[in-house]
Every structure is written in C-alpha cells, then in structure tokens.
Amino acid sequence: MLSPQVVIIGAGAAGLMCAMTAAARGRRVLLLDHANKAGKKILMSGGGRCNFTNMYCEPGNFLSHNPHFCKSALARFTQWDFIALVAKHGVPYHEKKLGQLFCDNKSSDILGMLLDECQQAGVDLRLDTSVSAIERAGSGYRLTTSLGAIACESLVIATGGLSIPTLGASGFGYQVARQFGHELLPTRAGLVPFTLTDPQLKTLCTELSGTSVEDCRVSCNGQSFLENILFTHRGLSGPAILQISSYWQPGDTVSIDLLPHVDLPEWLLEQQRERPNSELKTLMGEIFTKKMAGLLAEHWFASKPMKQYTPAELKAIAERLSDWQLVPAGTEGYRTAEVTLGGVDTREVSSKTMESLKSPGLYFVGEVLDVTGHLGGFNFQWAWASGYAAAQYV
Ligand code: FDA
C-alpha cells in the first residue's frame, strides 16, 4: 500500500504547484490525475503559448462571493515569484499587452518546468488514476483508487472547474466538498463567448464572422472592459466579450460602445458640414472595415448622403454606435468557457492555508474554489498562489 503523507487529486496548474512546493518542504507527496497527461489546460492555454501570469495582478482582478478571500494567498506568492521561477528555468517569455506574460515558444515550457520541479522534489505522479471513494480515517483520509487503497494525513482537492470536459474537467471536487459538509455556490461558465438568437443580430454576426473591432467598451452590471470584440457565426467573442461574460446573468443587457475614443455627435456633424455629399456608409468605411460599414449601414441605418440626415437622425446614429444594446441569448457554455464561476464557498475555507473549516486535513486549491480571475493570466496566478499557500501547511 502506498503511504504518502499528502495526496493531491488533480495534476493541473494548482495541483502541480502544490505538489512541488510541499515535496520541496520534505513532505511525501502523491499526485493523482484521472487523465493520461498532466496539465492539459496549461498546454491548451493562451493559444498554445500559456499566458502564465499578469504583471498587474491584484485582488480586484478576481470575482468571488467573498472578495477578500484571495488577498492573503496572492500576497504570499505573487506574479513576481512565478516570474522568478520561469526565469530560473530559462523559459523565454514576453508581455503581449496589458501586463499579460506569454511564453515565446510553447505552453509546454511551463508544464515542463513544473514537472521538472515535481521530479526534483520527489513527487510521485500517477496518471490514469481514478478515485472512487474518500473517507475520514483517524486524523487523516483513506481513498479507494484504481491503484488500491491509499491513506494520507492531508488531502488536497485540485480538480478544477467544469469548463472543457474533454480536457479532463469533472464535478469531482464539488462532490468531495459536499460530502464533507461544504456549501457550493452555483456554478456557471465564465470567460465565454455569447450566443445570439435575435434573427437580425444573428445575421449581422454571421455575415461579419471573423471580423474584429479594436478597443470597444463593453459594459454590463456596472463593469466595463476596453478591449477587442470579435463577430462569430454564433454571436460575439473576443477579449472584451469574454471578460464581460463573467459579470453577465441570463436576461441582462450588454452595452457596446464601438467607438469609445470618438466624440460621435461631433464627428457626424463635422462630416455633414465638410462632406455633405458623402454617404454615411462611405464615411464609416474609413473607421470600420468596408464590409462592416456596409452591413451596419444596411442593418442599422438607411445610408444616404450626409446632408440628408436631420439632427435627430444623426443623434440616433451616434447613440446606436456608442451604446449598442443587446441581450445575448446565452453563452457557449462549458464547451468553450475558459473558467467556471462559483464553486466551493470560500467562507468555509481558511484564506491563509486553504484548509477546510469543516474537515481538518482537507484542502481546496485552484479553480474548484469560488475565485475566478479576469482574462489575462489571472486564473493561472490564482492556481499558483492557492497551490503554494496550501503546500506550506499540508
Ligand atoms: P485544472 O483544470 O488546470 O486541473 C484540474 C486537474 O484535475 C486536471 O488535470 C484534471 O484532469 C484533474 N481531474 C479532474 N477531475 C478529476 C478526478 N475526478 N480525478 C482525478 N483527476 C481529476 N488561464 C490563464 O491564466 N491564462 C491562460 O492563458 C488561460 N488559457 C486558457 C485556455 C483554455 C482553453 C482554458 C479552458 C482555460 C484557460 N485558462 C487560462 C484558465 C486556466 O487554465 C484554469 O483557470 C487553470 O488551469 C485552473 O487550474 P486548476 O489546477 O484549478 O485546474
């Protein structure tokens, strides 16, 4: 029978960080995963280049019912600590924008670095391993697994959220939490594209599919993000849409300012004065792509020479472009979502140690907890920081 002191279920970002750090402290660590490979989401992340952290990471970049929870862990293992680790391993990286750090080469550089650290510290990593039952045994836990029965003093749940089931995501961590008396906060897909069913909007998006518009301001429920949006066959995507999706609930209206840097009422009046015979769609083609200008003119405005618009019509055009209001039909769901919002209620977990306040020796790290980062490397930073925090106490 295997006799580790610490069992970690889930060899993703948080589980790997927790395992290497606890083993480096001298703990005997067994890291289990039901997948055939560790860190599949790391490999897929950042378009294959892993946006592994963000230079401007702070607690305000995270959503949680308990917004103070993430502060302690984030302060004790910062983005600079992870950057130092990356530098120690000679992994080349760059800032793409907005403090987002990506590998120059491949995401496998980050996974390789974590696996190296695990190996050097003596972590026992077992893949293709399933856990069918967990019970309390004395002051520790006893697991029934495909490797046989395993006893441990500390058990860490690092099984992530529900997004992308094909990458190994399961609701296992939530089941364990419930079994040991934890409350779960409702889960939903976050950082996910919107779908549209309104026939007119859908046609517009389908026809513009693949077109992106830079620096739009997208707002919902008092939050707004200034980033690109992307039209898709199903609706809308792109960084600004993914960001706002985490704040959106079914039925909510989303507002999009397609030209936040332009004083539209002023610009339209100026065009009317200076180019009275030019058509609106020609002028808009100088700002957007020609195709987009043509389609917006067709779907939203009757395009005609500027001199023919009344002041009220110009005002309506400005409002439409700067405050396009739409109610998404839904999201693409866990199939494409980058993260899961909600999960294990952090009010029942120690923010210092990540240990359950209900069942001593049980720890939760990473995305299984109700802590969700913005797009831009924040979710990995939470995985590193929470995994590191638990590793000091397991
Ligand atoms: P993670 O999901 O990484 O790991 C959980 C592990 O548990 C998996 O290995 C899984 O197989 C295992 N597991 C699940 N159930 C199990 C069970 N029953 N038994 C045994 N093992 C089990 N974030 C970011 O900061 N920058 C980025 O660039 C990206 N990019 C990105 C792209 C895509 C496509 C996705 C889906 C997500 C991202 N993210 C991201 C989000 C980021 O990947 C995510 O927040 C972290 O991987 C969460 O780390 P965890 O370790 O908590 O879970």
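This is a dialogue on how to read a helix, a ligand site and one buried residue in a predicted model.

Colleague: What should be known about the model at the start?

Modeller: The model is predicted, so local features need pLDDT of at least 70, side-chain atom pairs count only at pLDDT 80 or more, and totals for chains, interfaces and linings use all residues. Residues are numbered from 1 along each chain as its sequence is written, and side-chain values use heavy atoms, with hydrogens and water left out.

Colleague: How many helices and strands does the chain have?

Modeller: Helices (H or I, at least four residues) and strands (E, at least two) are DSSP runs, numbered from the N terminus. The chain has 13 helices and 22 strands. Its C-alpha trace spans about 85 × 40 × 35 Å along the principal axes.

Colleague: What share of the residues counts as buried?

Modeller: Buried means under 20% relative accessible area, exposed means over 50%, and partly exposed lies in between (1.4 Å probe, protein chains only). Of the 394 residues of the chain, 55% are buried.

Colleague: How is the length of helix α5 to be read?

Modeller: The expected span of a helix is 1.5 Å times one less than its number of residues. Helix α5 covers residues 108–121, and its 14 residues should therefore span 20 Å; the end C-alpha atoms are 20 Å apart, which agrees. Just after α5, G122 has a positive phi of about 90°.

Colleague: Which residues of α5 are buried, and why do they line one face?

Modeller: An α-helix has 3.6 residues a turn, so residues three or four places apart point the same way. In α5 the buried residues are I110, L111, M113, L114, E117 and C118. Seen down the axis, these buried residues fall within an arc of 160°, so they line one face of the helix. The arc is that of the directions from the helix axis to the C-beta atoms.

Colleague: What do the buried residues of α5 pack against, and what lies on the other side?

Modeller: A contact means heavy atoms within 4.5 Å. The buried residues pack against several elements, including α1 (13–24), α4 (79–88) and α13 (378–391). On the other side of α5, Q119 and Q120 are exposed. Q119 counts as exposed because its relative accessibility is 63%. The C-alpha atoms of Q119 and A19 are separated by 9.9 Å, although these residues are 100 residues apart along the chain.

Colleague: Which residues are closest to the ligand?

Modeller: A residue is near a molecule if one of its heavy atoms lies within 4 Å of it; the same rule serves for a strand. Here 30 residues surround the ligand, and the closest are A14, D33, S170, E367 and F380. α13 gives the most to this shell, with four residues.

Colleague: Which polar contacts does the ligand make with the backbone?

Modeller: A polar contact is a pair of N or O atoms within 3.5 Å; within protein, one must be able to donate a hydrogen and the other to accept it, and residues adjacent in sequence count only if both atoms are side-chain atoms. Among them, a backbone N or O atom of A14 lies 2.8 Å from an oxygen atom of the ligand. A polar backbone atom of A13 is 3.1 Å from a ligand oxygen, and one of G377 is 3.5 Å from a ligand oxygen.

Colleague: Is N54 buried or exposed, and what does its side chain reach?

Modeller: N54 belongs to strand β3 and is buried, with a relative accessible area of 2%. Its side chain reaches the backbone nitrogen of Y56 at 2.8 Å and the backbone oxygen of G376 at 2.9 Å.
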